[in-house]
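Good morning, colleagues. Please turn to the sequence and the structure as they come up on the screen, and I shall take you through them step by step.

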Amino acid sequence: MAASYDVIIIGAGAAGLMCGAAAGARGRRVLMIDSADKPGEKIRISGGGRCNFTNIYCGPDNFISQNPHFCKSALGRYSAQDFIDLVNSYGIAWHEKTKGQLFCDGRSQEIIDMLLSECDKGGCDLWLGTQVLDVKKGTDGTGGEERFTVVLEHQSVTADAVVIATGGPSIPKMGASRFGYEIAERFGLDIVDTVPALVPLTFTDSLKDTLKSLSGVSVDTTISHAKAVFDEAMLFTHRGLSGPAVLQISSYWEPGDSITINMAPGTDLTARLKEDRLARPRISPANWLAQFIPARIADSIAAQEKAQRLADLSDKAILNLSLMASEWRVKPAGSEGYRTAEVTKGGVNTDALSSKTMETRSVPGLYFIGEVVDVTGHLGGHNFQWAWASGVACGEVC
Ligand code: FDA
């Protein structure tokens with residue numbers, strides 16, 4: 001006889017563990033299954049090992065989805081403060097780094113241990129190192145209710161409800177897979193095209209050559225693509241651009257598009273240059289620019305004009321210099337892909353799901369939560385907040 005549970009959760013990552021805790025607290029007999037040898041591996045490596053576990057300003061505007069309203073219900077019912085209360089109840093020390101981003105003072109493992117302890121309270125079983133191969137729904141031939149069968153390598157397990165919490169394909173070397181999408185398609189659900197997001201962008205070969213001297217330089221920017229605008233730091237790398245600014249804009253960028261980067265936000269460089277051409281005529285353009293942007297970037301921009309002193313700059317040259325610094329339009333060659341992407345944009349089409357419970361409308365008892373769903377957060381703790389909130393929304397009913 002196959003083992004039987006009320007709920008089987010596939011994936012013991014952020015969303016799966018949170019869902020298990022909520023379902024276990026209701027007295028449901030829960031089995032969580034994960035192919036990895038340890039639960040919550042992405043939590044462990046997140047936030048540089050300190051887990052940026054939520055964001056105090058988290059709201060629907062921090063998410064990208066084909067249906068921007070879908071995330072509202074779950075986020076509204078389980079807020080950042082709810083998760084902070086849970087973290088506080090375990091005495092886990094934390095701090096705000098910047099822009100509402102909350103990190104553990106210690107290691108991310110504290111968050112994993114907290115979630116495991118919540119799952120333990122509800123008596124959840126956890127099978128690790130166990131790959132799920134398939135999920136089926138049907139009767140056992142005796143005319144009873146339809147149940148789910150979860151197929152493993154050497155056995156099958158049955159349940160009334162199955163929750164898919166298998167995340168997206170980013171960071172394949174951690175066992176990330178497209179399994180959730182495959183199951184969704186098997187049950188007739190649509191997948192919104194998936195792409196790597198929160199990912200560094202790469203230069204064309206010629207730009208790589210021109211800008212190689214800037215590798216390692218970081219600069220505060222306002223970065224934009226169409227209506228998306230972020231004020232964050234950007235980092236030049238030996239392959240292209242990275243840092244929070246670029247990770248954020250990468251979620252909006254599409255191949256062939258340009259992004260616009262202002263490396264001197266808040267300063268009208270053209271006006272200031274014209275003033276100082278009169279007031280400080282002998283200063284070199286590179287030294288002048290270095291008041292506003294890192295010296296290595298200033299040198300590289302100033303080298304585009306022959307003038308040795310501000311006095312020698314024509315109006316056109318002033319405009320050129322200031323545009324290069326404050327309105328740099330760059331067309332990335334591509335992105336670093338799933339190998340380094342923090343998340344996957346796209347996923348199970350939310351049209352198929354209830355925003356209150358995460359249950360599939362056409363397949364009662366089948367739920368999708370966390371990153372596998374077409375809800376992608378900005379950088380800064382929003383993706384975990386979605387994992388917690390969608391996990392609770394589902395765990396309270398499944
Ligand atoms: P998650 O990927 O966490 O879990 C899915 C689980 O399913 C995995 O444990 C996997 O092994 C398992 N699985 C997959 N297929 C299976 C199968 N067939 N059978 C059994 N098990 C299977 N976010 C944030 O808010 N703050 C942060 O600081 C960071 N930092 C960060 C750093 C890095 C390097 C990465 C890669 C990502 C982040 N993120 C983040 C994003 C965050 O980690 C991510 O959004 C959540 O982990 C998603 O949670 P899920 O539970 O949906 O998937």
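In which helix does E185 lie? E185 is part of helix α6, which covers residues 179-186. Please bear in mind throughout that this is a predicted model. E185 also helps to form a negative surface patch, together with E182, D190 and D351.

Let me now step back to the chain as a whole. The chain has 398 residues, and 54% of them count as buried. Its secondary structure consists of 13 helices and 21 strands. Measured out along the principal axes would be the wrong phrase for a model, so let me say that the computed span of the C-alpha trace is about 90 × 40 × 35 Å. The accessible surface comes to about 17500 Å², and carbon and sulfur atoms contribute 49% of that area. If we take the contacts in the chain with a separation of 6 or more, 72% of them join residues 24 or more positions apart. As for charge, the chain carries 38 positive and 46 negative charges, and the mean positions of these two groups are 6 Å apart.

I turn next to the salt bridges. Side chains of opposite charge can pair when their charged atoms come close. How many salt bridges does a search of the whole structure find? The search finds 13, and I shall present some of them.

The side chains of K121 and E118 form one, with an N to O distance of 2.7 Å. Both residues belong to helix α5, residues 109-121, where they are three residues apart and therefore separated by about one helical turn. K121 counts as exposed, at 64% relative accessibility, whereas E118 is buried at 17%.

A second salt bridge joins the side chains of E336 and R239, again with an N to O distance of 2.7 Å. E336 is in the loop between β18 (334-335) and β19 (343-348), and R239 is in the loop between β14 (228-236) and β15 (240-242), so this pair ties together parts that are 97 residues apart in sequence. E336 is buried, with a relative accessible area of 14%, while R239 is partly exposed at 37%.

A further salt bridge is that of D312 with R309, at 3.1 Å from N to O. Here D312 is partly exposed at 41%, and R309 is partly exposed at 34%. Finally under this heading, D6, R28 and R29 are linked in a network of salt bridges.

Let us move to helix α8. Why can this helix be described as largely enclosed by the rest of the structure? The reason is that seven of the eight residues of α8, residues 243-250, are buried. The buried residues are G243, A245, V246, L247, Q248, I249 and S250. They pack against the strands β11, β12, β13 (218-225), β14, β15 and β16 (259-262).

One of those strands, β14, contains L235. L235 is partly exposed, with a relative accessible area of 31%. Apart from its neighbours within four places in sequence, L235 is in contact with G216, V217, S218, G240, L241, S242 and G243. By contrast, L235 and G91 are 35 Å apart in space, C-alpha to C-alpha, and 144 residues apart in sequence.

Another pair to consider is K173 and T340. These residues are 167 residues apart along the chain, and their C-alpha atoms are separated by 9.9 Å. K173 is found in the loop between β10 (156-164) and α6, and it is exposed, at 81% relative accessible area.

I close with the backbone. Most residues other than glycine have a negative phi. Which value does phi take at C51? It is near 50 degrees, a positive value in a residue other than glycine. C51 is in the loop between α2 (41-45) and β3 (52-55), and it is buried, with a relative accessible area of 0%. For L198, phi is likewise positive and near 50 degrees. L198 lies in the loop between β11 (191-197) and β12 (201-202), and it is buried, with a relative accessible area of 2%.

Thank you for your attention.

Methods: Residues numbered from 1 in each chain as written. Predicted model: local features only at pLDDT ≥ 70, side-chain atom pairs only at ≥ 80, totals over all residues. Heavy atoms only, no water. Patch = residues over 30% accessible without salt bridge, like charges linked within 9 Å, V, L, I, M, F, W, Y side chains within 5 Å. Areas by Shrake-Rupley, 256 points an atom, 1.4 Å probe, with all protein chains shown as cover. Salt bridge = Lys/Arg side-chain N within 4 Å of Asp/Glu carboxyl O. Lys, Arg positive; Asp, Glu negative; His and termini not counted. Charge placed at Lys NZ, Arg CZ, Asp CG, Glu CD. Helix = DSSP H or I, 4+ residues; strand = E, 2+ residues; numbered from the N terminus. Buried < 20%, exposed > 50% of the residue type's maximum accessible area, 1.4 Å probe, protein only. Contact = heavy atoms within 4.5 Å.
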